[in-house]
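Here's a quick walk through a ligand site, a pocket and a cavity. Have the model open and follow along.

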Amino acid sequence: MTGWTWEYEGYEPTDERLRESLCTLGNGYFATRGALPECTADDIHYPGTYVAGCYNRLTSDVAGRQVENEDMVNVPNWLPLRFRLRGGPWLTPDTAPLVEHRMGLLLASGMLERRTRYDLGAGRVLAVHQQRIVHMADPHLAALRTEFTAEGFSGELEVEASLDGGVTNAGVPRYRDLDGHHLIHVQAGTATPETVWLRCRTRTSDVRIGMAARLTSDGLVTVRNKNRRTTQHTVLALADGRARTVDKVIALYTSRDPAISDPLHAAVDRVGRAPGFDDLLTSHCTVWDQLWRRAALEVAGESGRILRLHLFHVLQTLSPHTADLDVGVPARGLHGEAYRGHVFWDELFVLPFLNLHFPEVSRALLRYRHRRLEKACTSARAVGRRGALFPWQSGSDGREETQQLHLNPRSGRWLPDHSHLQYHVGSAIAYNVWQYCEASGDMEFRHTKGAEMMLQIARFWADAAEYDDGLGRYRITGVVGPDEYHDAYPGASVPGLDDNAYTNVTAAWVLMRALELIDALPEPRRRELAERTGLDVTELELWHEVSRTLYVPFHSGVISQFDGYGELAELPWNEYRRRYGDIRRLDRILEAEGDTVNRYQASKQADVLMLGYLFAPAELRGLFDRLGVPLDDETWHRTVDYYLHRTSHGSTLSGLVHGWVLARARRAEAWTFCQEALQGDIADVQGGTTGEGIHLGAMAGTLDLVQRGLTGLETRDGALWLDPVPLPELSAYGFGLRYQGHWGVRLHLEHGHLDISVPFSDAPPIDLRLPDRTVVLKPGESTRLKLPD
Ligand code: BGC
């Protein structure tokens with residue numbers, strides 16, 4: 001199927017890590033990198049398997065300090081399967097010549113297929129054809145089918161399949177100085193010669209892991225259990241031209257799973273009952289079909305192919321199985337160890353997409369935050385504030401997981417990390433609560449957990465804001481905005497910046513929405529909430545006041561990223577580009593030069609411009625009006641220009657936001673940035689980072705760029721609003737939506753027309769609002785509308 005396959009031809013050791021990330025298979029519960037089963041972890045290969053939400057905390061000695069880090073654990077490797085002619089050397093692409101090597105990621109069926117032909121000399125070739133799935137219907141299963149064919153000879157092939165508990169977290173070279181030994185008490189055993197098992201525990205979080213493998217071969221299977229691994233051995237009699245098959249089916253459980261008594265027992269039992277590879281593949285494909293129907297996105301050409309890959313990885317990280325788990329949005333997917341599997345504000349780029357296809361998944365991701373609300377309230381108290389302060393980086397229990405030190409690989413220095421001052425993550429959570437409720441119509445969540453989170457986040461902002469007599473306004477000081485290059489004023493002894501515009505404006509929005517939400521609560525519920533949280537009229541009055549008088553700094557006729565940004569030095573951009581070529585990580589370049597990016601008007605990523613990403617133009621104007629600082633189009637466009645020239649795009653999120661904002665401003669450069677967002681992972685634009693895990697926020701963001709960015713789609717006030725903007729390079733597209741009880745609403749835009757159809761159901765009609773008209777569509781109806789020019 002054209003546009004549904006990602007193919008890699010030839011063996012390129014230097015690209016292997018990138019391919020492994022992009023060929024990762026997962027089902028929301030766990031994921032395994034696309035490593036070759038005959039290769040072990042080394043400088044080229046990095047097999048890794050990660051279970052969503054499975055973390056472990058270790059202390060390491062770094063630069064003379066004891067630092068604690070919590071990591072998403074690389075669990076035992078289920079992939080190993082190696083082979084050799086009897087008595088010969090084990091074959092790998094690094095040790096034996098290849099006649100052919102292809103990897104193909106088949107998106108429609110969620111399968112990784114590989115064909116390799118090893119040249120054995122003297123006209124003999126061994127063809128290896130492998131098919132791999134991580135089961136989308138049963139989240140605990142995965143399977144690997146291997147077909148061996150002798151070409152030009154007959155002989156015996158030895159095959160060894162293992163479960164390897166000797167793995168560590170070693171996937172990110174920058175973390176090499178940190179302890180990566182997360183697994184202890186590794187024990188291997190044999191249930192029957194065909195079925196083996198491995199169990200272990202995480203070192204401090206004490207998560208028990210059970211894995212079992214069933215090997216099907218027409219040769220005799222023998223087992224050896226030693227050195228933290230269990231190995232099944234079989235010999236195949238190969239006859240020239242005839243394929244022989246070995247199937248490996250595995251099951252994986254942890255003690256975090258519900259409805260089991262023991263993970264090892266569950267794994268052995270499950271693998272014993274699992275059907276054969278063909279049946280597993282059929283049930284796997286059925287569920288993938290359903291997923292593709294629920295998240296259908298049709299965009300022509302290469303962009304469509306890339307978007308489909310992005311959708312594939314989003315669905316593999318956050319699938320309907322996620323709805324049953326206590327997990328957040330891991331910034332780098334379940335695809336690698338960068339950022340340690342932590343959860344940042346990136347859900348801001350993910351949930352708006354999921355809301356309109358898998359609202360139950362969005363709800364689960366918000367519940368992950370809600371379960372950690374009490375911890376966030378404790379964190380707020382620790383900095384002397386009321387309400388909830390969510391961590392910039394979150395892991396198992398919701399404490400702040402941001403590293404205390406980070407390594408600049410350019411200078412080799414470990415530096416203090418102040419990014420935990422990105423308190424704006426709370427506003428991202430509130431924004432998602434609001435958006436989720438608007439899109440799904442889930443009043444139960446809105447009135448209960450949603451209201452509780454909105455209240456505590458709003459309370460934090462109102463308490464963090466301090467009145468400045470001189471300005472006659474409230475200020476929020478000592479924070480870091482989305483642009484994490486700037487974490488302090490030049491020469492300051494304490495980190496933090498004052499009045500980051502993004503922080504203040506989104507805080508004002510949170511306060512306004514929280515007031516609205518509380519006002520609209522059923523009276524008994526409002527009373528309950530007030531009784532439990534001590535919310536009273538005086539506090540609500542304070543929220544009103546703060547939400548109208550937070551300070552938004554300006555300089556040179558543009559919104560200032562933070563107070564004083566305009567006084568920083570200008571960076572000689574061209575000179576730096578000339579000297580370094582790629583200056584995305586300007587912070588590292590300047591630090592290695594003995595300078596600091598804090599001195600310059602140079603941003604890592606969209607910061608002020610994030611406001612144009614979150615809020616449609618009319619809503620943004622409304623927010624500024626409410627703050628008493630009118631924002632006309634001219635000022636906004638000047639602001640966009642200003643930061644466009646002062647941003648190095650050191651985060652994949654930056655291209656996405658710029659593409660989105662510029663498309664809305666109908667600017668010609670929009671496509672360049674959309675392209676950068678589309679290319680982010682497939683071309684590894686940030687230089688070597690994708691091999692350590694995909695960038696899930698940017699991937700999901702590109703889907704939403706079509707779904708909400710180009711269409712101007714908003715779900716608010718009980719209606720579906722559309723205000724499409726043209727982007728010539730992406731002019732025809734269509735997608736399906738799940739909206740307030742309607743499944744499979746179809747939209748298609750092409751040639752200035754919008755076609756929309758609503759499937760039959762007993763849900764109420766959809767109130768559709770375009771800039772120039774209102775249309776009401778009943779279930780079973782469809783219409784074609786000409787869009788305004
Ligand atoms: C970006 C953050 C983002 C994080 C995780 C960083 O490089 O600056 O905005 O949350 O990556 O994706």
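For sorting residues by class, Ala, Val, Leu, Ile, Met, Phe, Trp, Tyr, Cys and Pro count as nonpolar, Asp, Glu, Lys and Arg as charged, and the others, Gly among them, as polar. On that basis the lining of the second largest pocket splits into 18 nonpolar, 15 polar and 17 charged residues.

Some housekeeping: the model is predicted, so local features need pLDDT of at least 70 and side-chain atom pairs count only at pLDDT 80 or more, while totals for chains, interfaces and linings use all residues. Residues are numbered from 1 along each chain as its sequence is written, and side-chain values use heavy atoms, with hydrogens and water left out.

The chain falls into domain 1 (5-293), domain 2 (295-709) and domain 3 (733-786), with bounds from an automatic or database domain assignment. Between the C-alpha centres of domain 1 and domain 3 there are 44 Å.

Now the ligand. Its shell (residues with a heavy atom within 4 Å of it) includes Ala-331, Tyr-339, Trp-392 and Leu-653. By class, that shell holds 6 nonpolar, 2 polar and 3 charged residues. Three side chains make polar contacts with ligand oxygen atoms, a polar contact being a pair of N or O atoms within 3.5 Å; within protein, one must be able to donate a hydrogen and the other to accept it, and residues adjacent in sequence count only if both atoms are side-chain atoms.

| Side chain | Distance to a ligand oxygen atom |
|---|---|
| Glu-484 | 3.1 Å |
| Lys-604 | 2.8 Å |
| Gln-605 | 2.5 Å |

Taken alone, the ligand exposes 310 Å², and the protein buries 94% of that (Shrake-Rupley areas, 1.4 Å probe; for residues, only the protein chains shown count as cover).

Back to the second largest pocket, at about 930 Å³. Pockets and cavities are found on a 1 Å grid over the protein atoms alone: a cavity is a set of points where a 1.4 Å probe fits but cannot get out, a pocket is an open set with protein on both sides within 12 Å along at least five of seven lines, and lining residues have an atom within 4 Å of a point. Grid points are joined across faces, edges and corners, and a volume is the space filled by probe spheres set on the points.

Of this pocket's 50 lining residues, the closest to its centre include Arg-17, Asp-42 and Tyr-46. Strand E11 gives the most, with 3 residues (strands are DSSP E runs of at least two residues, numbered from the N terminus). Domain 1 and domain 2 both contribute to the lining, so the pocket lies between them.

Finally, the whole structure has 7 cavities of 30 Å³ or more. The largest cavity holds about 70 Å³, and its 14 lining residues include Ala-52 and Val-327. None of the lining is charged: it has 8 nonpolar and 6 polar residues. Domain 1 and domain 2 each supply at least three of them.

Note on methods: Helix = DSSP H or I, 4+ residues; strand = E, 2+ residues; numbered from the N terminus.
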